[in-house]
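Subject: Structure handover

Hello,

Here is the structure I promised to pass on. Please open it alongside this email; my notes follow below.

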Amino acid sequence: MTSDSKALWREAATKVPEVTLIFWIIKIAATTLGETGGDSVTMTWLHADQNAHNGGYLIGTGIFFGVFIAAVALQILVEKFNPWLYWAAIVASTTVGTALADLVDRSLGIGYPGGVAILLSCVIVSLAVWRWALGSIDVQTVATPRVEIFYWVTITFSQTLGTALGDWMADSAGLGYGGGALVFSAGLAVLAALYFWTNVSRVLLFWAAFILTRPLGATVGDFLDKPIHHGGLAFSRPIASAIIAAFIVGCILLLPQRAGRHPGEASV
């Protein structure tokens, strides 16, 4: 391969991983870690679950938002896909999403239905502006800083929406954490069936699945660390977070991922 060919290949490779089964396994684990990790700070250490107005959710949101901005900045600065940086940014987005959703739903008193409605609108507007500005919301085009900014803004809104949706189904809808997990798993199964057996837009199915994996992770995370009398297993949040983090590290080490391919690579 000549130097010119290598340059074209670098331009064609995206900054996000190829969307495979491995991607979805790590994504669900990352969203579960975001739930237990976020709750570890806002609830276990800052006691916001005992008093939603003590500033715990706001402080937690600020901390996680700072970590998220740093992770995304590094992700944008690197020249090619790096699985460690990418998944660190995803985990950071899930933790800030957890704290932010709790802040909106509980501290601000908007409630789960209002929070879900607002956040769903944010996701739709983000995707619409992205589509209007750049012509595509396909993740296979995430190869430049401008596209990455749209990508991570949308990711953050979708992660926050997923947290609020998961809490709404588990708490207010009366499904419990196990019931909520089954509902979202069924939703993902429907999306998988549409992917394999229909011609529904792959881009639409990706974003729908990306959103649904977040409440699935949220309900699984809550199931692990909530008290038994609330339908959980009462595991320690920090310990549960450490176990899930170790699982993600193991997946990255043992299940190699490669960058997705920008459509421009076809011309190489």
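A helix here is a DSSP run of H or I at least four residues long, and helices are numbered from the N terminus. You will need that for the pocket. Please also keep in mind that this is a predicted model.

**The largest pocket**

The largest pocket has a volume of about 650 Å³. It is lined by 24 residues, and those closest to its centre are Val19, Trp24, Tyr195, Phe206 and Ala209. Which helices supply at least two residues each to this lining? They are H2 (21–45), H7 (176–197) and H8 (202–225). H8 gives the most, with eight residues. By residue type, the lining holds 17 nonpolar, four polar and three charged residues.

**The cavity**

How many cavities of 30 Å³ or more does the structure hold? The search gives one. The space in the largest cavity comes to about 30 Å³. Its lining is made up of Val16, Pro17, Val19, Phe23, Tyr86, Val139, Tyr151 and Phe206. Eight of these lining residues are nonpolar, with no polar and no charged ones. Two names come up again here: Val19 and Phe206 line the cavity, and both are also listed among the residues closest to the centre of the largest pocket.

**Thr61**

Thr61 sits in helix H3, which covers residues 56–77. Is Thr61 buried or exposed? It is buried, because its relative accessible area is 11% and the cut-off for buried is under 20%. Leaving out residues up to four places away in sequence, Thr61 touches Val96, Ala99, Leu100 and Leu103. Ala99 appears twice in this picture: besides that contact, its backbone oxygen is reached by the side chain of Thr61 at 3.4 Å.

**Cysteines**

Two cysteines are worth a look. Cys251 has a relative accessible area of 6%, so it counts as buried. Cys122 is partly exposed, because its relative accessibility is 24% and the partly exposed range runs from 20% to 50%. How many disulfides turn up in the whole structure? The search finds zero.

**Where to start**

I would begin at H8, which gives the most residues to the pocket lining. Then turn to Phe206, which also lines the cavity. Thr61 in H3 can come after that.

Best wishes

Note on methods: Residues are numbered from 1 along each chain as its sequence is written. This is a predicted model: local features need pLDDT of at least 70, side-chain atom pairs count only at pLDDT 80 or more; totals for chains, interfaces and linings use all residues. Side-chain values use heavy atoms; hydrogens and water are left out. A disulfide is a pair of cysteine sulfur atoms within 2.5 Å. Buried means under 20% relative accessible area, exposed over 50%, partly exposed in between (1.4 Å probe, protein chains only). A polar contact is a pair of N or O atoms within 3.5 Å; within protein, one must be able to donate a hydrogen and the other to accept it, and residues adjacent in sequence count only if both atoms are side-chain atoms. Contact means heavy atoms within 4.5 Å. On a 1 Å grid over the protein atoms alone, a cavity is a set of points where a 1.4 Å probe fits but cannot get out, and a pocket is an open set with protein on both sides within 12 Å along at least five of seven lines; lining residues have an atom within 4 Å of a point. Grid points are joined across faces, edges and corners, and a volume is the space filled by probe spheres set on the points. Ala, Val, Leu, Ile, Met, Phe, Trp, Tyr, Cys and Pro count as nonpolar, Asp, Glu, Lys and Arg as charged, and the others, Gly among them, as polar.
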